[in-house]
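User: I would like to learn how to read a structure feature by feature. Please take me through one.

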Amino acid sequence: MSQISEEDIGRLVPAFYDRVRADPVLGPIFDQAIDDWPLHLEKLKAFWSSVMLGTGRYKGQPMVAHVQHEPHMTADNFSRWLALWRQTSGDMLAPEAAAAFQEKADRIAESLQLGVQFYRERKS
């Protein structure tokens, strides 16, 4: 497998969220949810560093953060997010590294969707 570096994460995350913010569906959702983009991008880089490199830099609770935006956490929005992630990682990274990021994102999205569904069922 090709080596994944902090530099890869440092390039991928901002480029990806530039595309998210330009997306006509996802952009308004994220712009409403995020007050401080530079801070949020640093948090996301720490998240992906922890996930892909095992650095332990991320200290947040992604499920709690996402459940707060539950009305927007639809299957279509997840699919759109994942498609942009695949496209961006494929454009920016070596094929093996892109595949590793894509596989991890698929599992994270599945986990978040299950968590949001559990939240909805408990709420109703």
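User: Where do I start? How many helices and strands does the protein chain have?

Analyst: Start with the secondary structure. This is a predicted model. The protein chain has six helices and zero strands. From the N terminus on, the order is α-α-α-α-α-α.

User: How do I read the radius of gyration of the protein chain?

Analyst: Set it against the globule rule. The radius of gyration is 14 Å, close to the 14 Å the rule gives for 124 residues, so the chain is as compact as a globular protein of that length. The C-alpha trace spans about 45 × 30 × 25 Å along its principal axes.

User: What share of the contacts joins residues 24 or more positions apart?

Analyst: Look at contacts with a separation of 6 or more. Residues 24 or more positions apart account for 74% of them in the protein chain.

User: What share of the residues counts as buried, and what does the surface consist of?

Analyst: Take burial, then surface. Of the 124 residues, 40% count as buried. The accessible surface comes to about 7200 Å², and 54% of that belongs to carbon and sulfur atoms.

User: How many positive and negative side chains are there, and how far apart are the centres of the two sets?

Analyst: Count each set, then compare the centres. The protein chain has 14 positive and 17 negative side chains. The two centres lie 4 Å apart.

User: Which residues have the most contacts inside the largest nonpolar core?

Analyst: Read a core by its size, its hubs and its suppliers. This core has 34 residues, and those with the most contacts inside it are Tyr17, Trp48, Trp81, Trp85 and Phe101. Helices α1 (6-22), α2 (26-33), α3 (37-53), α5 and α6 (95-123) each supply at least two residues. α6 gives the most, with eight residues. Now take one hub. Tyr17 touches Phe30, Trp37, Leu41, Leu44 and Trp81, leaving aside residues up to four places away in sequence.

User: Is asparagine 77 buried or exposed?

Analyst: Compare its relative accessibility with the cut-off. Buried means under 20%. Asparagine 77 has 14%, so it counts as buried. This residue lies in helix α5 (residues 75-92). Beyond residues up to four places away in sequence, asparagine 77 touches Val25, Leu26, Ile29 and His72.

User: And which residues does methionine 63 touch?

Analyst: Locate the residue, then list its partners. Methionine 63 is in helix α4 (residues 62-67). At 29% relative accessibility, methionine 63 counts as partly exposed. Methionine 63 touches Ser111, Leu112, Gly115 and Val116, again not counting residues up to four places away in sequence.

User: How far apart in space are methionine 63 and alanine 98?

Analyst: Check sequence and space separately. Methionine 63 and alanine 98 are 35 residues apart in sequence and 24 Å apart in space, C-alpha to C-alpha.

Notes: Residues numbered from 1 in each chain as written. Predicted model: local features only at pLDDT ≥ 70, side-chain atom pairs only at ≥ 80, totals over all residues. Heavy atoms only, no water. Helix = DSSP H or I, 4+ residues; strand = E, 2+ residues; numbered from the N terminus. Rg over C-alpha atoms; globule rule 2.2 N^0.38 Å. Buried < 20%, exposed > 50% of the residue type's maximum accessible area, 1.4 Å probe, protein only. Contact = heavy atoms within 4.5 Å. Areas by Shrake-Rupley, 256 points an atom, 1.4 Å probe, with all protein chains shown as cover. Lys, Arg positive; Asp, Glu negative; His and termini not counted. Charge placed at Lys NZ, Arg CZ, Asp CG, Glu CD. Core = buried A, V, L, I, M, F, W, Y, C linked by side-chain atoms within 4.5 Å.
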